[in-house]
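Here are my notes for you, written as numbered points. Keep the structure open beside them and look up each residue as you go.

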Amino acid sequence: MKIAAETANCVGAGMCANVAPSVFDIDAGTGLVRVLTEAGDVPADQVGAVSDAIAVCPAQALQWAEGDGA
């Protein structure tokens, strides 16, 4: 599965990084979400945490990449 992050929508709340720190971080330069996994690939053991991060994102800046609906 792949995750997509729309930095144009991100407000830098950091909730995603708190919920799924091995997948998301807040970029020190921009203050916006940064996906840490290569090409947005989400490891199988992180799918639940990423789903939780999508749910708590106040800006709705995260979603499963098209064709990867969870």
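1. Let's start with a word you'll need: a residue counts as buried when its relative accessible area is under 20%. Bear in mind, too, that this is a predicted model. Now try threonine 37: its relative accessibility is 14%, so it counts as buried.

2. Where does threonine 37 lie? You'll find it in the loop that runs between strand 3 (33-35) and helix 2 (47-56). Its side chain reaches the backbone oxygen of aspartate 41, at 2.6 Å. If you skip its neighbours within four places in sequence, threonine 37 is in contact with Ser22, Val23 and Pro43.

3. Have a look at glutamine 46 as well, in the loop between strand 3 and helix 2. Its relative accessible area is 17%, so glutamine 46 is buried. Not counting residues up to four places away in sequence, glutamine 46 touches Ser22 and Val23. Ser22 and Val23 also turn up among the contacts of threonine 37, so it's worth clicking on them.

4. Next, the largest nonpolar core. How many residues does it have? There are 15, and those with the most contacts inside the core are Ile3, Phe24, Val50 and Leu62. Helix 2 and strand 4 (62-64) are the elements that give two or more residues to this core. Helix 2 supplies the largest share, with 3 residues.

5. Leucine 62 deserves a closer look. Which residues is it in contact with, leaving aside neighbours within four places in sequence? They are Ile3, Ala4, Ala5, Cys16, Phe24, Val33, Ala53, Ile54 and Cys57. Two of these, Ile3 and Phe24, are also listed with Leu62 as having the most contacts inside the core.

6. Now to the cysteines. The structure holds 0 disulfides. In general, a disulfide is a covalent bond between the sulfur atoms of two cysteines. Why is there no such bond at cysteine 10? The closest cysteine sulfur, in cysteine 16, is 6.4 Å from the sulfur of cysteine 10, and that is too far for a bond; the cut-off for a disulfide is 2.5 Å. Cysteine 16 is likewise in no disulfide, as its nearest cysteine sulfur is that of cysteine 10.

7. Are these two cysteines buried or exposed? Cysteine 10 has a relative accessibility of 15%, so it counts as buried. Cysteine 16 is buried too, with a relative accessible area of 8%. Cysteine 16 is found in helix 1 (residues 15-19). Not counting residues up to four places away in sequence, cysteine 16 touches Pro21, Phe24, Val33, Ala53 and Leu62.

8. There's some empty space to find as well. The count comes to 1 cavity of 30 Å³ or more, and about 80 Å³ of space lies in the largest cavity. It is lined by 13 residues, and the closest to its centre are Cys10, Ala13, Gly14, Cys16 and Cys57.

9. Last, aspartate 52, which is found in helix 2. Its relative accessible area is 45%, which means it is partly exposed. Try two distances, C-alpha to C-alpha. Aspartate 52 and valine 35 are 17 residues apart in sequence and 15 Å apart in space. Cysteine 16 and aspartate 52 are 36 residues apart along the chain, but their C-alpha atoms are separated by 8.2 Å.

How values were computed:
Residues numbered from 1 in each chain as written. Predicted model: local features only at pLDDT ≥ 70, side-chain atom pairs only at ≥ 80, totals over all residues. Heavy atoms only, no water. Helix = DSSP H or I, 4+ residues; strand = E, 2+ residues; numbered from the N terminus. Buried < 20%, exposed > 50% of the residue type's maximum accessible area, 1.4 Å probe, protein only. Polar contact = N/O pair within 3.5 Å; in protein donor to acceptor, adjacent residues only side chain to side chain. Contact = heavy atoms within 4.5 Å. Core = buried A, V, L, I, M, F, W, Y, C linked by side-chain atoms within 4.5 Å. 1 Å grid on protein atoms, 1.4 Å probe; cavity = no way out; pocket = protein on both sides within 12 Å on 5 of 7 lines; lining within 4 Å. Points joined across faces, edges and corners; volume = space filled by probe spheres on them.
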